[in-house]
Amino acid sequence: MSGHIKERLRALDSEYETGQKMLAELETRRDHLTRTLLRIEGARQALREVLALPPDASVSPPDESQGTP
């Protein structure tokens with residue numbers, strides 16, 4: 001009987017370790033996905049702002065040769 005319990009405990013320990021590794025991988029993937037979604041949302045917001053500009057507004061970067069302080 002004791003041998004069976006020890007065997008079951010080893011199996012559960014192994015399953016627990018596997019689950020812990022899977023959870024860590026999922027958390028890493030979730031963090032990566034969250035960062036990706038934040039970048040996408042930032043790009044979407046920037047494009048919405050560009051679309052809201054008047055038609056004659058320039059979207060090019062400012063001319064740095066004019067020597068602004």
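**A tour of helix 1 and its salt bridges**

Begin by selecting R48, which counts as partly exposed because its relative accessibility is 40%. The model on display is a predicted one.

Keep R48 in view and add E41. These two residues form a salt bridge in which the closest N and O atoms are 3.8 Å apart. That separation qualifies because a salt bridge requires a side-chain nitrogen of Lys or Arg within 4 Å of a carboxyl oxygen of Asp or Glu. E41 is itself partly exposed, at 34% relative accessibility.

Next, select R44. Its side chain meets that of E41 in a salt bridge, with an N to O distance of 2.7 Å. R44 and E41 lie 3 residues apart in helix 1, so about one helical turn separates them. R44 has a relative accessible area of 42% and is therefore partly exposed.

With E41, R44 and R48 displayed together, a network of salt bridges can be traced through the three residues. The structure holds 2 salt bridges in total.

Now move to I40. This residue belongs to helix 1, which covers residues 2–51. Is I40 buried, partly exposed or exposed? It counts as partly exposed, since its relative accessibility is 42%, and the partly exposed class lies between the 20% and 50% limits.

Extend the selection from I40 to L33 and L37. Together, L33, L37 and I40 form a nonpolar patch on the surface. The accessible area of this patch comes to about 280 Å².

Finally, release the selection and display the whole chain. Its secondary structure consists of 1 helix and 0 strands. How many of the residues count as buried? The share is 0% of the 69 residues in the protein chain. The chain exposes about 6800 Å², and carbon and sulfur atoms supply 60% of that area.

Conventions
Residues numbered from 1 in each chain as written. Predicted model: local features only at pLDDT ≥ 70, side-chain atom pairs only at ≥ 80, totals over all residues. Heavy atoms only, no water. Patch = residues over 30% accessible without salt bridge, like charges linked within 9 Å, V, L, I, M, F, W, Y side chains within 5 Å. Areas by Shrake-Rupley, 256 points an atom, 1.4 Å probe, with all protein chains shown as cover. Helix = DSSP H or I, 4+ residues; strand = E, 2+ residues; numbered from the N terminus. Buried < 20%, exposed > 50% of the residue type's maximum accessible area, 1.4 Å probe, protein only.
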